[in-house]
Amino acid sequence: MTTQELSGPATFSTVEASRSNLWKDALARLAANRLAVVGIIPIILLFFIAIFGPYLTPYDFLAQDFTARLAPPSSVHWLGTDELGRDVFSRILYGARTAVSVGVISTVISLVVGIIMGSLAGYLGGRVDMMVVWLTDVTRSMPALLLAIVINLTLKVPLEAWLEQMYLQTKNTFFRQTMWVDLVLVFGALALIQWPGYARLIRGQILSIRSRNYVLAARALGMPTNRILTRYVIPNAMGPLIVAVSAGLGGAMVLESAFSFLGVGVQLPIPSWGKMISDGLRLWQTHSYLLVGPAAMMAIITVSFAWLGDGLNDALNPRQWKE
Amino acid sequence: MSELLEVQDLQTRFKVRKGYVYAVNGVSFRLEEGETLAVVGESGCGKSVTMLSLVRLLPPAGRIESGQVLLRGDDLLALDQRQLRDVRGGQVGMIFQDPMTSLNPFINIGTQMAEPLLYHRGMSKKDALARSAELLEMVGIPDGVARLREYPHQFSGGMRQRVMIAMAMSCEPSVLIADEPTTALDVTIQAQIVELVKELRDRSGVAVIWITHDLSVVAGIADRVIVMYAGYIVEEAPVDAIFEDPRHPYTVGLLGALPSLGGETGTRLTTIGGAPPDLAELPTFCPFHTRCPFVIDRCRSENPMLEPVSGASDRGHRAACWVDIRGVTEQTGGTVATEQ
Amino acid sequence: MGKYVAQRIVYWIPALILLALAVYAMAFYGAGDPIKLMFLREEGDVTYDAQRLDAIRREKGLDRPFLVQFGEYTWHLLQGDLGMSVISGRSVNDMVGATAPVSFQIGIATVFLVAIFGIPLGIIAGLHHNEWLDNLILGSALFISGVPSYVVGPMLMVFLVLGLGVMNVPYGWDGLFSTKAILPLFVMVFGSIAIIIRQTRSGMLEVLSEDYVRTARAKGVPEFMVIIRHMLRPVLTPVLTVLGQMLIGIVNGAIIVEKVFGIPGLGRLTIDFTYGVDYPVIVAITLIGAFLVMALNLLVDITYPLLDPRAAQAMTGVEE
């Protein structure tokens, strides 16, 4: 009746056919975003240093040079030495290991928990959904640093006592290392803080995709659930998930350093930037290089993550795919 | 009748990621005082963009590249922002396609209706509200005073369009631009809205530009019709001539797609196969040639100009086509276009 | 409306109880024996007489089951009694009362500053979408949103005090309107302003393409009034929803900033007792923090429909 109907019938296959192009487009959009490209470089470097750090550092991070304690930056010690005569530059490079390992592991843990909880909520709906949403709201109302402090403060002593007991019983040196307690506590705190974000994301994706016309159409045509999952739900959720993981990874590193800064972080044998900043803060008026080195490193990495995250968001945001 | 609005060689294009979209490509037309002009064409033909260009309400990506829009001799495209504001809502009223989104959901109806009166008539808030209540009743919404305090979501679609009309007419404009005002409404409501506009037009003598893709509305309301395709005017004629003596294949196609109450039952509506060209560059050919059943070689290499048609009953009948389709339609027995 | 408010309250109250239970349980089972800690404080002696300890424990009611003690703690909490510090022996109420005003001043000043700078910046960026001004504002917001306050604070101190020498060492607290407050507040605003700028900007972009803004312009409403009357409310209403997130950021930021600048606030109280395992203090502060965030969320939930007439209809089911 109206001329809108004049145009040819909409082709049903366009949605699927264009999917691979969408990823290519997204990559092209990311490459075109100057800030994002600039942001990727320090992040790649960070991972590189984290893996190959020991081969790059001029000194061991524990090596103490008693002749050069609190030495200012020089050709021997590029960023100077700390109170114990340890080379600051080497310690910063080793700090990348702490940041990356804590960031990656805690992100994986919270991602797994988040995906499971989010999928349960999205698919089962009803009571389960209500419970999960409520639980995420409760957890998200908790200021992260307070939570970490409480966890560290209350659980550290009994866990260490338990390890000690296990060691006495089994004589297994595995239980001798109290480092495990720190790791469990820090990862636990980070996962607790971050899982609700992933859970809500996954839940939202499932709910929105379930109601989309092409999925309804596929269901009406009798496509089995697992095919709908692999064909529509997972590819669609990938974009927002990549954005969230990138942000989460950066966020976990920031939090890890914040914990260390406050003295509730991982007491690993290798240095943490947050701890270095906090130590540097005691002597900043006389030996500011102790503070500036790790702080600058932290700033570069966090800004890089922000830029990359924004670029990924622009490139992968499904709302822009419609255009 | 004297000339009210004259549009000359209007060109508007949109900047997109890769280059431009040429939405309006040298459109010229005139509107007499009190006249009703229908602008017809399918989605994306540039009819809405043309009308938004007249009062410079284009979205940020759109730019008017050239042309003149003379309203009683003043070029609207040359006015500064202040003068332009006096025109918008004062001399030119506008109604839009979707009444559900055209009213601000955060503000009550009264405040929204009072605005044109405040800014163009210098009324006090109290007077403006009193007048708004009268206007509401004029467009068929009873209990105006009480309804002014309500919010858009408390009105139905048809009611909201009535509010839009009352608002557009509140300062007694000389031109009312109605951009597909019935498209988003139920069929029964559509007829009511058309009747309302006709009634207000006859009472106030406002000139109306009625944009639509629905030819069935045109016959009842318009004096003249402009048919647009791919950013060009392809045919312009008095309303009777459009229905009885269409000269552009596209117009014929539009008419073929129109169901007739008196027509034979059981015959299928004809549709125009294919899709309009994308407007990424200006065509050096007739933009309709890919869908046209009368296509000749010249159509593929030269874009026809809008010119007076031969043997027309009215001097204002113009079309942009290389072929005189009168002879050809008879041969093909009226079946103009079939699906490809 | 009343029913809706009741629903939201019922939603958040169990949340607070769950949180209190979890934190209290961690403290109860984890933090170590408070009586031993008390002895450690009073007599500086780690050797103790087990029988005497038990007697005191019975006397203080600390030998009763967990749930009984939790119930008692909650009961006192509801009466506004936060308990006793294990280490200092002082009432937690006094400790919180002495430090909370400082933290609240910092928090409220931060919200205020973030709003008066962030919202206009977001609006300007949105109005100049994709122009250099937008790029500058958004770029800066992106830049500062990432850098944590424990980096910004120390770096600024080094730069302003050692580098430029324009400032004395900003350590301690002389009230909100003293020069010592400038740097901490700057760091706090720095950490929270990006959320508001980005939310306002994206809201502007959304609203700018709304049909009703076109309608307002088609009516000849002056551009300034289009922004104030037609765009501000739809833009700012969703900004409310990031307030909760912002408050969490402010609490986190305050803990860091109070440590960096030696400000005697709630955050500092938390840090000072971290090594001392003064769990009643930590539990109290944690609950205060969570309570503030939940109360704010509840407030946002309740005010949202007041600001968005459509939401009011959807949430409370007001008939047409």
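Okay, let's start with confidence: chain C has a mean pLDDT of 82, and 89% of its residues come in at 70 or more. Keep in mind that this is a predicted model. For the complex, the predictor reports an ipTM of 0.86 and a pTM of 0.80.

Where in chain C is confidence lowest, and where is it highest? The low spot is helix 2 of chain C, residues 34–43, with a mean of 64. At the other end you've got helix 9 of chain C, residues 211–218, at 93.

Now, the fold. If you go looking for strands in chain C, you'll find zero, but there are 14 helices. So walking along the sequence of chain C, you just read α-α-α and carry on like that, through to the final α. Of the 320 residues in chain C, 40% are buried. And here's one about contacts: take those in chain C between residues at least 6 apart in sequence, and 74% of them join residues at least 24 apart.

Next up, the place where chain C meets chain A. Chain C puts 44 residues into the contact, and chain A puts in 40. Which elements of chain C give two or more residues to that side? They're helix 1 (2–30), helix 6 (132–146), helix 7 (149–164), helix 11 (243–260), helix 12 (266–272) and helix 13 (279–307) of chain C. Helix 13 of chain C gives the largest share, nine residues. What about the classes of residue on the side of chain C that touches chain A? We get 33 nonpolar, 10 polar and one charged.

That's my tour, thanks!

Notes
Residues numbered from 1 in each chain as written. Chains lettered and ligands numbered in written order. Predicted model: local features only at pLDDT ≥ 70, side-chain atom pairs only at ≥ 80, totals over all residues. Helix = DSSP H or I, 4+ residues; strand = E, 2+ residues; numbered from the N terminus. Buried ≥ 20, exposed ≤ 12 C-beta atoms within 10 Å, placed from the backbone. Contact = placed C-beta atoms within 7 Å. Nonpolar A, V, L, I, M, F, W, Y, C, P; charged D, E, K, R; others polar. pLDDT = per-residue confidence, 0-100.
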